[in-house]
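The following exercises concern the contacts between chains in a predicted model. Work through each task before reading its solution.

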Amino acid sequence: MDFVVQQITSGLAEGAIYASVALALVMIFTATEHLNFAQGEMAMFSTYIAWTLINAGVPYWIAFVITVLVSFVGGVAIQFAVLRPLARAPVLAYVIVFIGLLVIFNSMAGWIWSYVLKEFPSPFKAFSTGSTLIGSHQLGVIAVTLIVLTALYLFFRFTPLGLAMRAAAQNPISAKLVGVRVGWMLALGWGLAAGIGAIAGMMVAPIVFLDPNMMAGILLYGFASALLGGISNPAGAVLGGFIFGVLQNVPTIVERWLGTNVIGNELKLTFALVVVVAVLTFKPSGLFGQVRIKRV
Amino acid sequence: MSSLLEVKDLRAMYGQTTALHGVSFALEEGGITTLLGANGAGKTTTLRSVCNMVRTEGEISFAGARIEKMATEEIVRLGVAHVPEGRGTFVNLTVEENLKLGSYTRKNRAEVAREMDRVFDYFPRLKERIQQQAGTLSGGEQQMLAISRALMLKPRLMLLDEPSFGLAPLVVQEIFRIMRRINQEEKVSMLLVEQNAALALDLADHAYVLETGRVVMSGLAEEVKNDEGIRRSYLGY
Amino acid sequence: MPRHYFWIGLTIVLAILLPYLPNVFKGERLFSDFHVFQFTLVLIYAIALLGLNILTGYNGQISLGHGAFYAIGAYVAAVLMDKYDVPYYATLPVAAIVCLVVGFLFGLPALRLEGHYLALATFGLALAVPQLLKYHPLEPWTGGVQGIVIIKPDPPFNLQESIGLSQDVWIYYFTLAVLLVLFWAARNMLNSRTGRALVAIRDHHMAADTMGINTSFYKSLAFGVSAMYTGVAGALSAVAVAFVAPDSFNILLSISLLVGVVIGGLATIPGAIFGGLFIVFTPNYANEISKAAPWAVYGVVLILFMYLMPFGIWGAILRGVRALEKHRKAAKMGR
């Protein structure tokens, strides 16, 4: 029984990471109706910026805030410089551009900071949870994720600006017809997504150590989590992350009980992905997503 | 009295194809003008040109200011509300959110709230469905929503693109009746594009007839309605 | 359109002469065996890209996982050649059938997915296959992490001794022959009712359904045929490279294939060749421009391509040709 609880809590802790990445993806999707594959690499790049600041002696939380702000500006800049000119291109052209960005950020990070693993501090180490099941950092990640989620939810649901951003993403022409400056909304969306990504990166780095390829796998699972929970629903995406985290450990629990080792550690993640795809086949909008309406 | 909307020698292009070949017309403040014509005559293109959604050449003036080079969203902020072809509803947002978006550019919250009440007065059915996802509304309800959203802007000029399209005759009559009320009570000028010539000519005070991108007839709605050629081609008798 | 056949014929003749093009200054072959090997890879990728194009370009179903079918084709060929002494040319039909079936089967659940959901599912497939290939219990067949080494086939009929035809050049011609057959078949399919059904589904799924097109069947068929082409390409790569290992078929391969299809030209057949050229040669050029961060250069190249040619290289060529024709017509009319 202890084993099961331990697997579940560690699954939740890992899930928190996927949840925070999923949030960034939901953000960018809500604001732009595109899924930015480069999100992970941008987050990683932001984390390196934070690392540089912290190494230069800047206190953690100040470095944190500066990094988020710089990432915000960076996101806006990328939207202006890289995506604006693409306005009339087909969807797949966007995908290629995102891949291009992904590769550029990854490569630049390696070039500037090298591929040597670096340690990244956790601001939560000072506290102790008094429990052996879950560490202080992991609790901290969960807390931060929930705070960002709440802020985002309130923003999109209850502020005019949030509403305008959703409208601009879903139907840019109609949005213009109500006076929404669609271009700015897209830029803002990118900025916010980059900021959230930075937060996710800074939460992940203390656990897996900072290196240019840190986010690659995590991005995919964040993506799966977002789709599992429902890409149109921030809360759903976060829940999706937690579910995905625990889901990975389900085979371990079952096999411990059965005494087998078929799936083992190697295929854990494949298993979880298969489950996600199966769920999506039956519930295409995800577990908690809003059904998308298509009119002819 | 100078016209609220003045269009001079407007040419519009979709890619390599020219859709309008030099259209000119004017709309007085407080009036309802209708653009008639068969499919492909250029009516929708004209409305789109006013909002700079199409590549154009020529002069367009609104309330004395030249707008042909302004961005769509800026033209809207001057007080031009466009109810597009197909309604342009935000299908995944609720009725309430659609209406709130209509008033996005307005600052005075109290006025906006009053406007919302007036809209529900014109279209009580929308109040019943206020939290429903807009895409689940019927065609008629979506048209009502589209007009309401335009009203929430408190526009000086409303551009309406085929409001009768795909709607049952009774629903259309109701909507046109309410449009007349809006014109009189809210003092909103209207530029109406319609295929249903009879209805449009009853509502409007001026009419222009377009054929393949050119104005072939213009005048008071009464006169146009009684014109032999128009009666044969567009009214069916 | 006789003019268009002329260009096709010219390209084929050029392709046939390619390995033997003389170096006008030195009087020997311009391209070494290694270069010919690279051209073979271009042809192989072109076949794979045509496969992906059928699914993504013509039928609108995105796939981030075609590396999986490439890997399956490669491993089928490798295992047959290594463990069962099957001659290299006989592995192609087997790989084709296996991948056709696997692709079709994958296409069935994929029917419910589209857009990013489908992208995720195919991405998952691309990640899963290398994992499965490294899986312990399967090692006796797959050779595990080390993979399988294959003996490169010799040219037939003793041509190696008689006219000095090298292995690499022979494999190039073999691949070229397969490519010509496959491209011809694809062109016929795409110009037929099937092709039109695929495009109708892509452009307006709901309308295609209401017109009586069996969309489920065609979509799964598209997956199957697409997987088949890519699988044959994979089998050819096993022959040409003479080696297969799980890590050669990682997610990067799937991403490269998608990149190749878009840059070459979506929903075009010639686009596959340009895509193949791009995949094989751009990383090298990126490396020459910057040894420190070649992938950054590659990324910039990708972005620039999408600005300048959002419809791919072939799309840009077609536009150029159309613009030229328009100028000529205008000049003729004396404007």
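Buried area is the accessible area, taken with a 1.4 Å probe, that two parts lose on being put together, summed over both.

**Exercise 1.** Describe the interface of chain A and chain B by its area, its residues and its polar links.

*Solution.*
1. Begin with the area: chain A and chain B bury about 2200 Å², and carbon and sulfur atoms give 58% of this.
2. Next, count the residues in contact: chain A contributes 24 and chain B contributes 27.
3. Then search for salt bridges; the rule finds two across this interface. One of them joins the side chains of A:Arg181 and B:Glu74, at 2.7 Å from N to O. This distance satisfies the cut-off, which is within 4 Å.
4. Add the polar contacts: four residue pairs, both at pLDDT 80 or more, are counted between the two chains.
5. Finally, locate the residues on chain A. The helices α6 (160–170), α7 (172–177) and α8 (182–208) each supply at least two residues of the side that touches chain B. The largest share, seven residues, belongs to α6(A).
6. By class, this side of chain A holds 14 nonpolar, five polar and five charged residues.

**Exercise 2.** Repeat the analysis for the interface of chain A and chain C.

*Solution.*
1. About 3400 Å² is buried between chain A and chain C, 80% of it on carbon and sulfur atoms.
2. The contact involves 43 residues of chain A and 40 residues of chain C.
3. The rule finds zero salt bridges here, but three residue pairs in polar contact, both at pLDDT 80 or more.
4. On chain A, α4(A) provides the largest share of the side that touches chain C, with 13 residues.
5. That side divides into 36 nonpolar, five polar and two charged residues.

Methods
Residues numbered from 1 in each chain as written. Chains lettered and ligands numbered in written order. Predicted model: local features only at pLDDT ≥ 70, side-chain atom pairs only at ≥ 80, totals over all residues. Heavy atoms only, no water. Contact = heavy atoms within 4.5 Å. Polar contact = N/O pair within 3.5 Å; in protein donor to acceptor, adjacent residues only side chain to side chain. Helix = DSSP H or I, 4+ residues; strand = E, 2+ residues; numbered from the N terminus. Nonpolar A, V, L, I, M, F, W, Y, C, P; charged D, E, K, R; others polar.
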